[in-house]
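Okay everyone, thanks for coming. I've got one structure to walk you through today, so let's put it up on the screen.

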Amino acid sequence: MKEIYEAIERSAIRIRHAIENDDTGYSDNANKTGDIQLKLDIKSDLIIEEEFAKVNTVKELASEEKDNVEVLNPDGRYLIGYDPLDGSSLADVNLSVGSIFGIYEDDYSGNSLKSAVYVVYGPRVEMVIASEENGVEMFRLDSNNKFNFIQKLQLNERGKLNAPGGTQKNWEPHHKEMIDDIFKDGYRLRYSGGMVPDLHQILIKGGGLFSYPGTSDVPKGKLRMTFEVFPFAFVFEKAGGAATDGCHRVLDLTPAHIHDTTPCFFGSKNEVDRVKVCYERN
Ligand code: P6P
(Lines give C-alpha, C1' and ligand atoms only; values in the text may rest on other atoms or scores of the structure.)
Protein backbone atom coordinates (compact mmCIF):
# COMPACT_ATOMS: atom_id res chain seq x y z
CA MET A 1 0.00 0.00 0.00
CA LYS A 2 2.97 2.33 0.69
CA GLU A 3 3.85 2.56 -2.99
CA ILE A 4 0.26 3.59 -3.75
CA TYR A 5 0.38 6.39 -1.19
CA GLU A 6 3.72 7.52 -2.69
CA ALA A 7 2.18 7.60 -6.19
CA ILE A 8 -0.63 9.79 -4.79
CA GLU A 9 1.93 12.11 -3.18
CA ARG A 10 3.81 12.48 -6.51
CA SER A 11 0.52 13.10 -8.32
CA ALA A 12 -0.59 15.71 -5.78
CA ILE A 13 2.63 17.71 -6.16
CA ARG A 14 2.26 17.72 -9.98
CA ILE A 15 -1.49 18.53 -9.86
CA ARG A 16 -0.92 21.41 -7.45
CA HIS A 17 1.57 22.87 -9.95
CA ALA A 18 -0.95 22.44 -12.79
CA ILE A 19 -3.69 24.20 -10.77
CA GLU A 20 -1.39 27.14 -10.06
CA ASN A 21 0.01 27.50 -13.58
CA ASP A 22 -2.18 25.89 -16.23
CA ASP A 23 -5.28 26.99 -18.16
CA THR A 24 -8.49 26.52 -16.10
CA GLY A 25 -10.65 26.65 -19.22
CA TYR A 26 -13.01 24.03 -20.63
CA SER A 27 -12.05 21.31 -23.11
CA ASP A 28 -14.32 20.15 -25.95
CA ASN A 29 -15.12 16.85 -24.17
CA ALA A 30 -17.65 15.56 -21.62
CA ASN A 31 -17.18 12.70 -19.15
CA LYS A 32 -19.48 9.66 -18.74
CA THR A 33 -21.79 11.53 -16.37
CA GLY A 34 -22.08 14.44 -18.79
CA ASP A 35 -19.82 16.97 -17.05
CA ILE A 36 -17.93 19.12 -19.57
CA GLN A 37 -14.28 18.40 -18.81
CA LEU A 38 -11.90 21.16 -17.85
CA LYS A 39 -8.41 21.00 -19.30
CA LEU A 40 -7.32 20.60 -15.66
CA ASP A 41 -9.54 17.50 -15.30
CA ILE A 42 -7.80 15.87 -18.25
CA LYS A 43 -4.31 16.96 -17.15
CA SER A 44 -4.87 15.73 -13.58
CA ASP A 45 -6.17 12.39 -14.85
CA LEU A 46 -3.11 11.98 -17.09
CA ILE A 47 -0.76 12.78 -14.20
CA ILE A 48 -2.39 10.17 -11.95
CA GLU A 49 -2.33 7.57 -14.72
CA GLU A 50 1.39 8.20 -15.29
CA GLU A 51 2.24 7.89 -11.59
CA PHE A 52 0.18 4.76 -11.00
CA ALA A 53 1.71 3.12 -14.10
CA LYS A 54 4.90 2.89 -12.00
CA VAL A 55 3.16 0.79 -9.28
CA ASN A 56 3.17 -2.98 -9.97
CA THR A 57 0.55 -3.79 -7.31
CA VAL A 58 -2.11 -1.74 -9.15
CA LYS A 59 -4.20 -3.99 -11.39
CA GLU A 60 -6.47 -1.36 -12.93
CA LEU A 61 -7.66 2.24 -12.78
CA ALA A 62 -11.26 3.47 -12.81
CA SER A 63 -11.37 7.22 -13.35
CA GLU A 64 -14.35 9.54 -13.16
CA GLU A 65 -12.94 11.13 -16.30
CA LYS A 66 -12.89 7.89 -18.34
CA ASP A 67 -15.82 5.73 -19.52
CA ASN A 68 -14.17 2.39 -18.73
CA VAL A 69 -11.54 0.85 -16.45
CA GLU A 70 -7.94 0.74 -17.66
CA VAL A 71 -5.86 -2.39 -16.95
CA LEU A 72 -2.27 -1.64 -15.85
CA ASN A 73 -1.00 -4.97 -14.41
CA PRO A 74 -3.23 -8.10 -14.88
CA ASP A 75 -1.55 -9.73 -11.85
CA GLY A 76 -1.88 -6.62 -9.69
CA ARG A 77 -3.73 -6.72 -6.35
CA TYR A 78 -5.49 -3.35 -6.10
CA LEU A 79 -8.14 -1.50 -8.09
CA ILE A 80 -8.04 2.30 -7.86
CA GLY A 81 -11.30 4.26 -8.23
CA TYR A 82 -10.57 7.97 -8.32
CA ASP A 83 -11.79 11.46 -9.11
CA PRO A 84 -8.66 13.24 -10.33
CA LEU A 85 -9.83 16.79 -9.62
CA ASP A 86 -13.17 17.02 -7.85
CA GLY A 87 -14.90 20.40 -8.03
CA SER A 88 -12.41 21.49 -10.69
CA SER A 89 -14.68 24.33 -11.88
CA LEU A 90 -13.96 26.04 -8.52
CA ALA A 91 -10.31 26.43 -9.47
CA ASP A 92 -11.02 29.40 -11.73
CA VAL A 93 -12.63 31.27 -8.83
CA ASN A 94 -9.65 30.36 -6.65
CA LEU A 95 -11.54 28.11 -4.22
CA SER A 96 -10.18 24.84 -2.85
CA VAL A 97 -10.48 21.65 -4.91
CA GLY A 98 -9.39 18.06 -4.33
CA SER A 99 -8.46 14.59 -5.57
CA ILE A 100 -10.20 11.49 -4.19
CA PHE A 101 -8.92 7.87 -4.27
CA GLY A 102 -10.57 4.59 -3.29
CA ILE A 103 -8.20 1.60 -3.05
CA TYR A 104 -10.23 -1.57 -3.64
CA GLU A 105 -9.54 -5.31 -3.82
CA ASP A 106 -11.48 -7.69 -6.11
CA ASP A 107 -14.28 -5.27 -7.14
CA TYR A 108 -15.63 -1.71 -6.73
CA SER A 109 -18.22 -2.46 -4.05
CA GLY A 110 -18.12 -0.37 -0.88
CA ASN A 111 -17.06 -3.26 1.34
CA SER A 112 -14.11 -4.03 -0.97
CA LEU A 113 -12.38 -0.79 0.00
CA LYS A 114 -9.08 -1.37 1.81
CA SER A 115 -8.03 2.28 2.09
CA ALA A 116 -9.15 5.75 1.00
CA VAL A 117 -7.13 8.91 0.37
CA TYR A 118 -8.01 12.47 -0.49
CA VAL A 119 -5.92 15.56 -1.20
CA VAL A 120 -7.10 19.15 -0.63
CA TYR A 121 -5.50 21.82 -2.82
CA GLY A 122 -6.16 24.98 -0.81
CA PRO A 123 -4.04 27.63 0.95
CA ARG A 124 -2.10 24.54 2.02
CA VAL A 125 -1.93 21.13 0.35
CA GLU A 126 -3.11 18.44 2.76
CA MET A 127 -3.48 14.69 2.26
CA VAL A 128 -5.70 12.45 4.41
CA ILE A 129 -5.19 8.67 4.49
CA ALA A 130 -7.78 6.33 6.02
CA SER A 131 -6.78 2.71 6.64
CA GLU A 132 -7.81 -0.26 8.78
CA GLU A 133 -4.43 -0.22 10.53
CA ASN A 134 -3.99 3.48 11.35
CA GLY A 135 -7.40 5.15 11.32
CA VAL A 136 -7.47 8.62 9.72
CA GLU A 137 -4.16 10.47 9.41
CA MET A 138 -3.62 13.99 8.03
CA PHE A 139 -0.37 15.08 6.32
CA ARG A 140 0.68 18.53 5.03
CA LEU A 141 3.01 19.39 2.14
CA ASP A 142 6.05 21.47 3.13
CA SER A 143 8.29 23.81 1.11
CA ASN A 144 10.56 20.87 0.23
CA ASN A 145 7.66 18.98 -1.39
CA LYS A 146 7.54 16.51 1.53
CA PHE A 147 4.28 15.41 3.20
CA ASN A 148 4.62 15.56 7.00
CA PHE A 149 2.25 13.89 9.48
CA ILE A 150 0.20 16.52 11.33
CA GLN A 151 -2.54 14.77 13.32
CA LYS A 152 -5.12 11.97 13.53
CA LEU A 153 -8.69 13.01 12.63
CA GLN A 154 -11.56 11.92 14.88
CA LEU A 155 -15.22 13.00 14.79
CA ASN A 156 -17.22 13.87 17.91
CA GLU A 157 -20.61 12.19 18.51
CA ARG A 158 -22.23 15.37 17.12
CA GLY A 159 -20.94 18.59 15.53
CA LYS A 160 -21.88 22.14 14.60
CA LEU A 161 -21.57 22.37 10.79
CA ASN A 162 -24.20 21.74 8.12
CA ALA A 163 -23.26 21.39 4.44
CA PRO A 164 -26.53 20.96 2.47
CA GLY A 165 -25.93 20.14 -1.21
CA GLY A 166 -28.27 19.77 -4.12
CA THR A 167 -30.65 22.22 -5.80
CA GLN A 168 -32.90 23.40 -2.98
CA LYS A 169 -36.00 23.95 -5.13
CA ASN A 170 -35.85 20.23 -6.00
CA TRP A 171 -35.38 18.90 -2.46
CA GLU A 172 -38.05 16.48 -1.27
CA PRO A 173 -40.28 18.06 1.45
CA HIS A 174 -39.01 15.74 4.21
CA HIS A 175 -35.41 16.57 3.30
CA LYS A 176 -36.07 20.31 3.42
CA GLU A 177 -37.80 19.97 6.80
CA MET A 178 -34.81 18.01 8.18
CA ILE A 179 -32.25 20.56 6.93
CA ASP A 180 -34.32 23.48 8.31
CA ASP A 181 -34.58 21.74 11.70
CA ILE A 182 -30.81 21.25 11.83
CA PHE A 183 -30.29 24.98 11.22
CA LYS A 184 -32.94 25.78 13.89
CA ASP A 185 -30.70 23.80 16.29
CA GLY A 186 -27.95 26.37 15.67
CA TYR A 187 -25.76 24.56 13.14
CA ARG A 188 -23.60 26.81 10.93
CA LEU A 189 -23.84 26.75 7.11
CA ARG A 190 -20.55 25.63 5.56
CA TYR A 191 -20.92 24.76 1.82
CA SER A 192 -18.48 25.73 -0.94
CA GLY A 193 -19.64 23.40 -3.73
CA GLY A 194 -16.44 21.39 -3.37
CA MET A 195 -17.04 18.00 -1.75
CA VAL A 196 -13.40 17.59 -0.70
CA PRO A 197 -12.92 20.89 1.19
CA ASP A 198 -16.49 20.74 2.56
CA LEU A 199 -15.98 17.26 4.03
CA HIS A 200 -12.41 18.06 5.13
CA GLN A 201 -13.73 21.04 7.13
CA ILE A 202 -16.30 18.83 8.93
CA LEU A 203 -13.57 16.30 9.77
CA ILE A 204 -11.14 18.96 11.02
CA LYS A 205 -13.84 20.80 13.04
CA GLY A 206 -14.95 17.58 14.69
CA GLY A 207 -18.33 16.96 13.15
CA GLY A 208 -21.59 17.93 11.49
CA LEU A 209 -23.46 16.80 8.38
CA PHE A 210 -22.74 16.90 4.63
CA SER A 211 -25.69 15.93 2.45
CA TYR A 212 -26.17 15.47 -1.28
CA PRO A 213 -29.67 13.94 -1.48
CA GLY A 214 -31.74 12.53 -4.26
CA THR A 215 -33.92 15.31 -5.65
CA SER A 216 -37.13 15.43 -7.72
CA ASP A 217 -35.07 15.96 -10.89
CA VAL A 218 -32.13 13.67 -9.98
CA PRO A 219 -33.51 10.90 -7.68
CA LYS A 220 -30.18 9.04 -7.47
CA GLY A 221 -28.21 12.16 -6.56
CA LYS A 222 -25.11 13.57 -8.26
CA LEU A 223 -22.13 12.09 -6.45
CA ARG A 224 -20.46 8.96 -7.85
CA MET A 225 -20.21 5.86 -5.62
CA THR A 226 -16.86 4.48 -6.85
CA PHE A 227 -14.86 7.70 -7.13
CA GLU A 228 -16.35 9.98 -4.43
CA VAL A 229 -18.96 8.48 -2.10
CA PHE A 230 -17.34 5.18 -1.07
CA PRO A 231 -13.89 6.70 -0.35
CA PHE A 232 -15.38 9.42 1.87
CA ALA A 233 -17.73 6.95 3.55
CA PHE A 234 -14.65 4.88 4.44
CA VAL A 235 -12.86 7.99 5.81
CA PHE A 236 -15.84 9.06 7.90
CA GLU A 237 -16.37 5.59 9.37
CA LYS A 238 -12.67 5.27 10.29
CA ALA A 239 -12.91 8.73 11.93
CA GLY A 240 -15.78 7.52 14.15
CA GLY A 241 -18.62 8.87 12.02
CA ALA A 242 -21.02 7.29 9.54
CA ALA A 243 -22.35 7.51 5.98
CA THR A 244 -25.79 6.57 4.66
CA ASP A 245 -27.85 6.86 1.50
CA GLY A 246 -30.81 7.65 3.75
CA CYS A 247 -31.71 4.03 4.44
CA HIS A 248 -28.56 1.89 4.09
CA ARG A 249 -24.94 2.07 5.23
CA VAL A 250 -23.26 3.48 2.11
CA LEU A 251 -20.42 0.94 2.16
CA ASP A 252 -22.95 -1.90 1.93
CA LEU A 253 -23.92 -0.69 -1.56
CA THR A 254 -22.64 -2.16 -4.85
CA PRO A 255 -22.78 -0.09 -8.06
CA ALA A 256 -24.14 -1.75 -11.21
CA HIS A 257 -21.70 0.44 -13.15
CA ILE A 258 -18.59 2.30 -11.98
CA HIS A 259 -20.22 5.66 -12.83
CA ASP A 260 -23.37 5.03 -10.79
CA THR A 261 -24.41 7.75 -8.33
CA THR A 262 -26.22 7.61 -4.98
CA PRO A 263 -27.81 10.01 -2.53
CA CYS A 264 -25.29 10.40 0.30
CA PHE A 265 -25.03 11.78 3.82
CA PHE A 266 -21.73 11.90 5.74
CA GLY A 267 -21.26 13.03 9.32
CA SER A 268 -21.02 12.45 13.02
CA LYS A 269 -23.09 9.53 14.30
CA ASN A 270 -25.75 11.78 15.84
CA GLU A 271 -26.42 13.63 12.59
CA VAL A 272 -26.43 10.49 10.42
CA ASP A 273 -28.90 8.85 12.83
CA ARG A 274 -31.10 11.94 12.41
CA VAL A 275 -31.02 11.46 8.62
CA LYS A 276 -31.99 7.78 8.93
CA VAL A 277 -34.94 8.57 11.24
CA CYS A 278 -36.17 11.18 8.76
CA TYR A 279 -35.75 9.03 5.64
CA GLU A 280 -37.14 5.82 7.16
CA ARG A 281 -40.36 7.71 7.89
CA ASN A 282 -40.75 8.93 4.28
P1 P6P B 1 -23.77 21.44 -6.69
C2 P6P B 1 -18.41 19.25 -7.67
O3 P6P B 1 -18.88 19.39 -9.00
C4 P6P B 1 -19.21 18.13 -7.04
O5 P6P B 1 -19.03 16.94 -7.75
C6 P6P B 1 -18.81 17.95 -5.58
O7 P6P B 1 -17.49 18.28 -5.34
C8 P6P B 1 -19.76 18.90 -4.85
O9 P6P B 1 -20.07 18.46 -3.53
C10 P6P B 1 -20.99 18.90 -5.73
O11 P6P B 1 -20.58 18.50 -7.05
C12 P6P B 1 -21.61 20.28 -5.80
O13 P6P B 1 -22.78 20.16 -6.57
O14 P6P B 1 -24.99 20.88 -7.33
O15 P6P B 1 -24.01 21.95 -5.28
O16 P6P B 1 -23.01 22.44 -7.52
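So, which strand gives the most to the lining of the largest pocket? That's β5, with three residues. Keep in mind as we go that this is a predicted model. In the numbering, β5 runs over 78-86. Other elements supply at least two residues each to that lining, including β2 (36-38), α4 (195-204) and β13 (208-212).

Let's stay with the pocket for a bit. There's about 420 Å³ of space in there, and 26 residues line it. If you want to find the centre on your screen, look for Gly87, Ser88, Ser89, Lys222 and Arg224, because those are the lining residues nearest to it. What kinds of residues make up the lining? You get 10 nonpolar, six polar and 10 charged ones.

Now, where does this pocket sit relative to the domains? The domain assignment splits the protein chain into domain 1 (2-152) and domain 2 (161-280). Both domains give residues to the pocket lining, so the pocket lies between them.

Okay, on to how those two domains meet. Their C-alpha centres are 21 Å apart. The contact takes in 41 residues from domain 1 and 30 residues from domain 2. Together they bury an area of about 2700 Å², and carbon and sulfur atoms give 68% of that. How many salt bridges are there between domain 1 and domain 2? The count is three.

While we're talking salt bridges, have a look at Arg224 again, one of the residues by the pocket centre. Its side chain meets that of Asp35 in a salt bridge, at 3.0 Å from N to O.

Last stop: Asn73. You'll find Asn73 in the loop between β4 (70-71) and β5. Which residues does Asn73 touch, leaving out those up to four places away in sequence? They're Val55, Asn56, Val58 and Lys59. And if you step 30 residues along the chain from Asn73 you reach Ile103, with 15 Å separating the two C-alpha atoms.

That's my tour, thanks for listening!

How values were computed. Residues numbered from 1 in each chain as written. Predicted model: local features only at pLDDT ≥ 70, side-chain atom pairs only at ≥ 80, totals over all residues. Heavy atoms only, no water. 1 Å grid on protein atoms, 1.4 Å probe; cavity = no way out; pocket = protein on both sides within 12 Å on 5 of 7 lines; lining within 4 Å. Points joined across faces, edges and corners; volume = space filled by probe spheres on them. Helix = DSSP H or I, 4+ residues; strand = E, 2+ residues; numbered from the N terminus. Nonpolar A, V, L, I, M, F, W, Y, C, P; charged D, E, K, R; others polar. Domains from an automatic or database assignment. Contact = heavy atoms within 4.5 Å. Buried area = accessible area lost by both parts, 1.4 Å probe. Salt bridge = Lys/Arg side-chain N within 4 Å of Asp/Glu carboxyl O.
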